[in-house]
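Q: Please pick one part of this model and take me through it closely. After that, I'd like to see how the rest of the chain is arranged around it.

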Amino acid sequence: MAWLVLVVSGGLEMVWAAALSASHGLRRWKPAVLFVVAMVVSLAGLSYAMTSIPVGTAYAVWVGIGATLTLIWGLVTRQEKSSWGRIGLLGLLIVSLVGLKVAS
């Protein structure tokens, strides 16, 4: 259960990062509210996951999932430039996250 909560919390990290960007410095209220709600729920999920997953592993997976999904979101919405190097490094990050799960 803790791993599922951690994965969902990592996904919410992408939501709050995208909402923070869309809020234009917290000046637009709808994305700003989404940012706050997603951030609180994401951190609460991380906190829950850390009750049974070691802190280093949980935090690395949480950040890795959030960073991976945020980059994918940026590529899909064309806010980020795509290159073979970036895609290869993204794949390496995903393999590393799976490796952390397998090793724990």
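A: Let's begin with leucine 26, which sits in the loop between H1 and H2. Here helices (H or I, at least four residues) and strands (E, at least two) are DSSP runs, numbered from the N terminus. This is a predicted model, in which local features need pLDDT of at least 70 and side-chain atom pairs count only at pLDDT 80 or more, while totals for chains, interfaces and linings use all residues. Residues are numbered from 1 along each chain as its sequence is written, and side-chain values use heavy atoms, with hydrogens and water left out.

What deserves a look at leucine 26 is its backbone: phi is near 65°, a positive value in a residue other than glycine. Most residues other than glycine have a negative phi. The loop between H1 and H2 also holds histidine 24, and histidine 24 has a positive phi too, of about 50°, although it is not a glycine. Leucine 26 counts as partly exposed because its relative accessibility is 47%; buried means under 20% relative accessible area, exposed over 50%, and partly exposed in between (1.4 Å probe, protein chains only). Histidine 24 is partly exposed as well, with a relative accessible area of 45%.

Now step back to the helices on either side. The protein has 4 helices and 0 strands, so it is no surprise that the pattern along the sequence reads α-α-α-α. H1 (2-22) comes before our loop and H2 (29-49) after it. Serine 9 is found in helix H1 and is buried because its relative accessible area is 3%. Leaving aside residues up to four places away in sequence, serine 9 touches Val41, Ser42, Gly45, Leu46 and Trp62, where a contact means heavy atoms within 4.5 Å. Leucine 46, in turn, touches Leu6, Ser9, Ala58, Tyr59 and Trp62 under that sequence limit.

Leu46 also belongs to the largest nonpolar core, which has 14 residues; those with the most contacts inside it are Leu6, Trp16, Leu46, Ile53, Ala58, Val61 and Trp62. H1, H2 and H3 each give two or more residues to this core. Such a core is a set of buried Ala, Val, Leu, Ile, Met, Phe, Trp, Tyr and Cys residues joined through side-chain atoms within 4.5 Å.

Val61 turns up again in the lining of the largest pocket, along with residues including Trp3, Val7, Ile65 and Lys101. A pocket is an open set of points on a 1 Å grid over the protein atoms alone, where a 1.4 Å probe fits, with protein on both sides within 12 Å along at least five of seven lines; lining residues have an atom within 4 Å of a point. About 180 Å³ of space lies in this pocket, a volume being the space filled by probe spheres set on the points, which are joined across faces, edges and corners. H1, H3 (55-76) and H4 (84-103) each supply at least two lining residues, and H3 gives the largest share, 5 residues.

For a contrast, try the loop between H3 and H4, where lysine 81 lies. Lysine 81 counts as exposed because its relative accessibility is 72%, and its C-alpha atom is 24 Å from that of valine 61.
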